[in-house]
Amino acid sequence: MQIYFARHGESQANLLHEISNRGLRHGLTRKGREQAEGLARRLQGMPIAHIYSSPVLRAIETSVILAHRLDVDYEVTEALREYDCGILEGRSDEDAWRGWQDLFDAWVLRHEWERRIDGGESFYDIRDRFVPFIEELVERYEGTETNVACVAHGGVYWMMLPVVLNNVTPELISRYGFGYTACIVAEWRLTGLFCV
C-alpha cells in the first residue's frame, strides 16, 4: 500500500495572509484550482482507490477536483484538518503572525509539545487525531495493492509527517518545503511507513 500526502492548492486565505484553519470560509483561488488540476494530471494513472480530505474548504475543493479527475470517491475527516490557532483564527496582522511563528518555533525548535495558542491545539492534540487515522489506514490496507491520497495542509504535514514516516525529519521538510499541491508518497514496509 501507498499513501499520497498532498497539500491543497493556493487559497484566498493564502493571498490575504490570513490565519484560516477552520471551516468553509476561504476556497481556492483560480491559480489554486489550476494547481489542483495539475496535481490530478500528475496522479492520473496511479492506482489511487480513495481520497481523504481535511474539512477546511481549500482542501475539500482540491479533493473534489482530484476525485473527479481520478474517478474515485473522497471522504472528509477531521484528522487531516490544519492545526487550530485559537484566538488568532481570522487574523492577518503582524502580532497574529508573530504568535503563529512563536508556536511553530516552540514545537519545531524547542520541542515544547504542550504549547498552544489560547483556544487552539497543542502538538499533542494534533498527534492524537492524525496518528491514529494513519494507523487505521495502514491497518485497513496493509498487505494490499490499495493506494489512498490524503489532502491536507502544510502545517499539519510539517508537524506530523516526521512522526509517521520513518525517514522524514522536520529538517528534511524545511530543506525541500511543502508547496501548494506538493505530494509525498509513502509506502508501507515491515518496519513502518517510508517516504519513497
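Across the whole structure, a search identifies 17 salt bridges. The structure is a predicted model, and the positions below refer to residues numbered from 1 along the chain. Side chains of opposite charge can pair when their charged atoms come close.

One of these pairs joins R25 and E18, whose side chains meet with a nitrogen-to-oxygen separation of 2.7 Å. The two partners differ in their exposure to the surroundings: R25 is exposed, with a relative accessible area of 55%, whereas E18 is buried, at 12%. A second salt bridge links E78 with R81, and here the closest N and O atoms lie 2.4 Å apart. E78 is partly exposed, at 44% relative accessibility, while R81 has a relative accessible area of 10% and is therefore buried, the limit for that class being under 20%. This pair does not stand alone, since E78, R81, E121 and R129 are linked in a network of salt bridges. A further salt bridge is formed by R91 and D93, with 2.8 Å between the closest N and O atoms. R91 counts as partly exposed, at 30% relative accessibility, and D93 likewise counts as partly exposed, at 30%.

Attention turns next to helix α2. This helix covers residues 30-43, a run of 14 residues. From its first C-alpha to its last, α2 reaches 20 Å, close to the 20 Å expected at 1.5 Å a residue. Its buried residues are G32, Q35, A36, G38, L39, A40 and L43. The elements that cover these buried residues include the strands β1 (2-7), β2 (48-53) and β5 (183-189), together with helix α3 (57-70).

The segment that follows α2 was also examined. Q44 is located in the loop between α2 and β2. With a relative accessibility of 39%, Q44 is partly exposed, because this value falls between the 20% limit for buried residues and the 50% limit for exposed ones. Leaving aside residues up to four places away in sequence, Q44 touches R69 and L70. Q44 and R69 are separated by 25 residues in sequence, yet their C-alpha atoms are 7.7 Å apart in space. Also just after α2, G45 adopts a positive phi of about 90 degrees.

Positive phi values are found at two further positions, H17 and D71. In H17, a residue other than glycine, phi is near 55 degrees. H17 is placed in the loop between α1 (12-16) and α2, and at 45% relative accessibility this residue counts as partly exposed. D71, again a residue other than glycine, has a positive phi near 55 degrees. The position of D71 is in the loop between α3 and β3. D71 has a relative accessibility of 69% and so counts as exposed, a class that begins over 50%.

The strand pairing involving β5 was then considered. β5 pairs with β1 in the antiparallel sense, over five bridges. Within this pairing, Y4 has V185 in β5 as its bridge partner. β5 also pairs with strand β6 (residues 192-195), again in the antiparallel sense, and this pairing comprises four bridges. There, R189 has G192 in β6 as its bridge partner. β5 and β6 together form a hairpin, with two residues between the strands. β1 and β5 thus appear in two settings, paired with each other and among the elements covering the buried residues of α2.

Finally, a nonpolar patch of about 220 Å² is present at the surface, made by V64, Y74 and V76. Y74 is located in strand β3, which spans residues 73-76. The relative accessible area of Y74 is 35%, and this residue is accordingly partly exposed. Because residues qualify for a patch with over 30% relative accessible area, the value of 35% for Y74 satisfies that requirement.

Conventions: This is a predicted model: local features need pLDDT of at least 70, side-chain atom pairs count only at pLDDT 80 or more; totals for chains, interfaces and linings use all residues. Side-chain values use heavy atoms; hydrogens and water are left out. Patches are made of residues with over 30% relative accessible area and no salt bridge: like charges are joined within 9 Å, nonpolar side chains (Val, Leu, Ile, Met, Phe, Trp, Tyr) within 5 Å. Accessible areas come from the Shrake-Rupley method with a 1.4 Å probe; for residues, only the protein chains shown count as cover. A salt bridge is a side-chain nitrogen of Lys or Arg within 4 Å of a carboxyl oxygen of Asp or Glu. Buried means under 20% relative accessible area, exposed over 50%, partly exposed in between (1.4 Å probe, protein chains only). The expected span of a helix is 1.5 Å times one less than its number of residues. Contact means heavy atoms within 4.5 Å. Two strands pair if DSSP finds at least two bridges between them.
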